[in-house]
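Student: Please pick one strand in this model and go through it closely. Then follow the connections outward to the rest of the structure.

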Amino acid sequence: MSNDVIIEVRGLEKEFPGVRALKGVDFDIKRGTVHCVVGENGAGKSTFIKILTGAHRRTGGSLKFNGNDFDPKSIREAMNAGISVLYQELNVVDDLTTEENLTLGKEKSKFGFIQKSDGLGKMMDIIRSLDDSIELDMPVDILSVAQKQVIEIAKALSTDCSVLVMDEPTASLSEDEVRRLFLTVKKLKEQGITIIFISHKLSEIFEIGDYVTVFRDGEMTGTKSVPEIAGYEDALGCPDTFDDKTITDACTELVRLMIGKVIDQAYIASESDYSQKLLEVKNVSNHRLHDINFDLYKGEILGFYGLVGAGKTEVGRFLYGIDNYEGDIFVNGEKCDYKNVIGALEQGFAMVPEERRVDGIFGQLPIRANIPMMRMDSVLSSGLISRIKENKLADKFMKMMSVAAKDREQAVAFLSGGNQQKVVIAKCLNRDADIIMLDEPTRGVDVGAKEEIHDIIRGLANEGKSIIVFSSELPEITHLCDRIVLMYDGSIGEIVKNKKDIDIDHIMNIVAGG
Amino acid sequence: MTGKLKLPRFRSQLPILVGIIVFMMIVLTIISPNFLKVQNFSNILLKIGIYILIASAANLIMITGNLDLSVGAVLAFSGILHAYMCKHGVPIPLSILITCIAAMGWGVFNGFIVGKLRIVPVVATLGTMYIAEGFAFLIARWDGGTNIMLGLPGAYTRLGRYMMFGKIPVIIVFVVIVAAIFLFIEKKTKLGRFSYAIGDNRSAAELSGINVTKVIIILYALSALLAGFSGILQSSRVGLAAPNVGRMMETYVLIVCVLGGTKMSGGKGSIIGVLLGAAIIGLLENGLNLLGIDHFYQEVARGLILIIAVLAQKSSGNGRN
């Protein structure tokens with residue numbers, strides 16, 4: 001294994017209007033290695049990949065590929081230079097055979113009839129070297145996801161590719177298929193191909209990675225060799241496989257790099273009434289969750305924390321009647337059997353969804369029309385919508401949440417992100433539910449509005465509402481929540497009680513799989 | 001950032017529509033001496049009256065981001081069914097009631113496949129269109145002909161030809177009533193508010209606890225009811241029912257709604273827009289007729305207007321999504 005640098009990143013910057021997605025990043029990627037890239041959502045790793053593969057242009061710094069300056073203007077240009085991507089969403093056409101998929105877009109035709117393609121033999125050789133169970137005439141829809149990935153890899157490699165970017169390739173694979181993919185990755189490495197591997201599953205890094213780079217808030221917070229992360233001085237004394245303890249400790253170290261120093265924001269306990277249990281979830285499992293057990297008391301703020309993909313949002317989804325589940329939910333001691341959102345609302349749940357644009361706001365409608373949407377009764381008088389009541393309601397919430405808008409007639413789409421979020425929260429609060437779930441309540445919200453939203457949440461708890469907050473921001477969780485449910489890989493690792501000087505290291509250890 | 005061509009932005013496009021109507025009326029007054037006559041206006045109103053009756057409900061469907069292409073076929077089916085029953089001894093008021101219920105049946109069917117089974121509305125209502133028209137032909141066949149005219153009771157045309165106060169055609173009366181009802185639905189009822197919400201953001205509507213399927217079924221039922229009632233009125237006015245009278249009706253209705261500012265993707269539109277859109281279409285057809293322009297040029301003009309209306313909507317850029 002030669003150890004020269006194939007990609008050299010120096011002071012790389014990318015600025016979008018209003019956002020600095022990359023703030024000067026430096027690191028090297030060595031030839032013929034598997035280089036992992038990790039970071040939470042919005043940390044900058046996708047931006048880096050997009051610049052490398054020609055989807056975005058950099059706005060500062062330099063990027064060298066094989067020693068030459070590299071600034072691809074398009075994905076095709078990057079591909080011709082030798083950098084290909086295996087996307088999370090596969091581009092195979094299920095109705096065609098392997099052969100037809102391989103030659104798709106490269107067909108040679110004579111008088112309109114398709115001829116055999118030249119590159120086919122080469123691609124077939126690649127496929128055989130990776131997975132010899134795939135035949136040319138197999139329809140692609142009978143292949144597994146991992147086999148489809150092999151076809152995509154073969155297509156990528158047929159254009160003399162020297163760097164292959166794999167974007168969360170294991171996200172939709174079964175355990176078995178992950179093994180097969182890793183075998184493929186190892187074979188590609190033997191053939192001298194450099195692989196950039198993006199994954200949210202940290203433990204995978206210790207199986208196939210040589211190096212790992214961690215992104216946080218647009219910065220590179222660490223580039224280390226895998227043995228180094230695992231606590232070995234150099235590669236020589238390092239075993240081929242690590243034991244579980246080593247991996248967990250190393251994952252905790254990575255999480256620390258991903259999350260950074262948690263600024264200690266004073267936690268103020270809510271006036272929870274621990275004699276009144278409002279919600280109890282027992283042995284709930286579904287396609288994404290395993291054996292979820294927790295309870296929620298009156299006036300309590302319960303936080304769910306975990307890395308991306310740990311299953312926070314999925315907990316909200318089954319509670320709100322969106323996803324199916326097996327197990328039991330008890331509200332006020334009585335077993336519930338609602339099966340949809342309407343049922344969940346009637347049972348006393350209300351939710352502020354994670355993606356406000358997709359699931360929260362009615363953008364073309366005025367603020368006034370958005371707020372009563374979850375409980376129209378609040379603006380009806382003898383069965384009809386009363387403009388007077390609507391205006392009053394809108395004024396009340398706009399004042400309470402200090403929504404910055406021209407007037408209550410302004411279409412919500414034209415508000416800033418923070419104000420949109422306040423409207424979505426107002427809509428949910430107007431429901432007057434007993435159990436209020438907020439999924440990423442302050443994502444994409446500026447600092448001032450964040451503080452205001454936190455105050456509102458705490459105010460609700462003190463009024464006796466029970467709150468569940470799902471957040472991927474640890475400071476938000478430790479600031480707000482009375483108890484914290486730590487999730488890892490679809491399961492609850494531990495439920496900890498919050499206190500002024502809570503052990504952050506311990507939290508990081510749990511969400512890393514410890 | 002949609003290029004350099006930018007049209008002036010209005011909060012709504014209603015003032016523009018009124019402007020167009022005034023302009024068209026001035027031009028037509030100048031070029032045709034027959035335009036400003038009571039008889040001519042009465043002709044225009046009779047023609048667009050049916051469009052408005054149907055479009056008022058179809059417009060709400062479009063506001064939810066869906067579409068009803070079966071209105072013309074349901075109109076024809078209802079005319080035939082009504083004529084058939086009247087001819088074979090069913091009392092006229094009872095026949096009207098049964099026909100309206102049958103028409104609503106098509107709407108509930110549409111609403112079920114679009115709202116519950118989530119079939120694309122264009123395909124679903126196109127299917128209903130063929131089925132309903134097929135049944136219209138079938139009923140005419142039972143009667144022994146291609147259309148039903150001979151043997152209808154004398155009172156059959158009484159409703160359609162009724163003049164209120166001796167001079168206002170009954171269809172105009174119904175247009176006023178229906179438009180008022182839909183203005184009310186839009187502004188004052190949950191049904192209206194939920195229609196806008198669903199068209200604006202269906203996912204958010206579902207997560208807010210709105211019963212989207214129910215709203216869609218009700219709207220399709222209303223649309224079919226009005227199409228059916230229009231079929232009864234029309235067949236009663238002309239004193240005959242034919243299974244192919246509703247052809248192209250769905251496109252007129254579509255043009256009227258789009259001209260009136262209803263967004264095809266949903267979330268925006270109003271009954272006032274429908275009235276103005278219908279007026280434009282009525283004036284256009286009337287003007288071309290008065291000028292003696294061939295029928296096929298009129299078709300060309302209609303097609304162009306539809307495309308221009310959609311383009312105008314696009315460049316006026318309502319909302320950010």
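Tutor: Two strands count as paired if DSSP finds at least two bridges between them. The model is predicted. The strand to start from is β9 of chain A, residues 163-167. Five bridges link β9(A) to β10(A), residues 194-198, and these two strands run parallel. One of the residues involved is A:Val165, whose bridge partner in β10(A) is A:Ile196. β9(A) also pairs with β6(A), residues 83-86, through four bridges, again in the parallel sense. A:Val165 appears here too, as the bridge partner of A:Val85. The strand is mostly covered, with four of its five residues buried.

Next, the core. The largest nonpolar core has 236 residues, and A:Leu164 is among the members that touch the most others. A:Leu254, A:Val511, B:Tyr51, B:Ile54, B:Val253 and B:Val256 are listed with A:Leu164 in that respect. The element that gives this core its largest share is α9(B), with 15 residues. In soluble globular proteins, nonpolar side chains tend to be buried together.

A:Val511 can be followed further. Apart from neighbours within four places in sequence, A:Val511 contacts A:Val255, A:Tyr305, A:Gly306, A:Leu307, A:Ala310, A:Leu486, A:Tyr488 and A:Gly493.

Chain A also has an antiparallel sheet to set beside the parallel pairs. Four strands of chain A form this open sheet in the order β2-β1-β4-β5. β2(A), residues 19-30, and β5(A), residues 68-69, are at its edges; each has a single partner strand, so one side of each has no neighbour in the sheet. β1(A), residues 5-16, is joined to β2(A) by nine bridges. In that pair, A:Glu8 has A:Asp28 of β2(A) as its bridge partner.

A loop residue gives another view of chain A. A:Gly260 is in the loop between α9(A), residues 244-259, and β13(A), residues 273-285. A:Gly260 counts as partly exposed because its C-beta atom has 14 neighbours inside 10 Å, while a buried residue needs 20 or more and an exposed one has 12 or fewer. Beyond residues up to four places away in sequence, A:Gly260 touches A:Arg216 and A:Thr221. From A:Gly260 to A:Val379 is 119 residues in sequence and 46 Å in space, C-alpha to C-alpha.

The two chains touch each other: 23 residues of chain A and 21 residues of chain B take part in the contact. On the chain A side, α11(A) (341-346), α12(A) (356-360) and β20(A) (384-385) are the elements that give two or more residues. That side has 18 nonpolar, three polar and two charged residues.

In chain B, helix α6(B) shows how burial can favour one side. α6(B) has 19 residues, 170-188, which at 1.5 Å a residue should span 27 Å; this agrees with the 27 Å between its end C-alpha atoms. Its buried residues are B:Ile171, B:Val175, B:Val178, B:Phe182, B:Ile185 and B:Glu186. These residues lie on the same side of α6(B), because they cover an arc of only 95° around the axis. B:Ile177 and B:Ala180, on the other side of α6(B), are exposed. The cover over the buried residues includes α2(B) (38-63), β2(B) (168-169), α7(B) (190-200), α9(B) (212-238) and α11(B) (271-290). One of these, α9(B), is the helix already met as the source of the largest share of the core.

Terms used
Residues numbered from 1 in each chain as written. Chains lettered and ligands numbered in written order. Predicted model: local features only at pLDDT ≥ 70, side-chain atom pairs only at ≥ 80, totals over all residues. Contact = placed C-beta atoms within 7 Å. Nonpolar A, V, L, I, M, F, W, Y, C, P; charged D, E, K, R; others polar. Expected span 1.5 Å × (residues − 1). Arc of directions from axis to C-beta. Core = buried A, V, L, I, M, F, W, Y, C linked by C-beta atoms within 7 Å.
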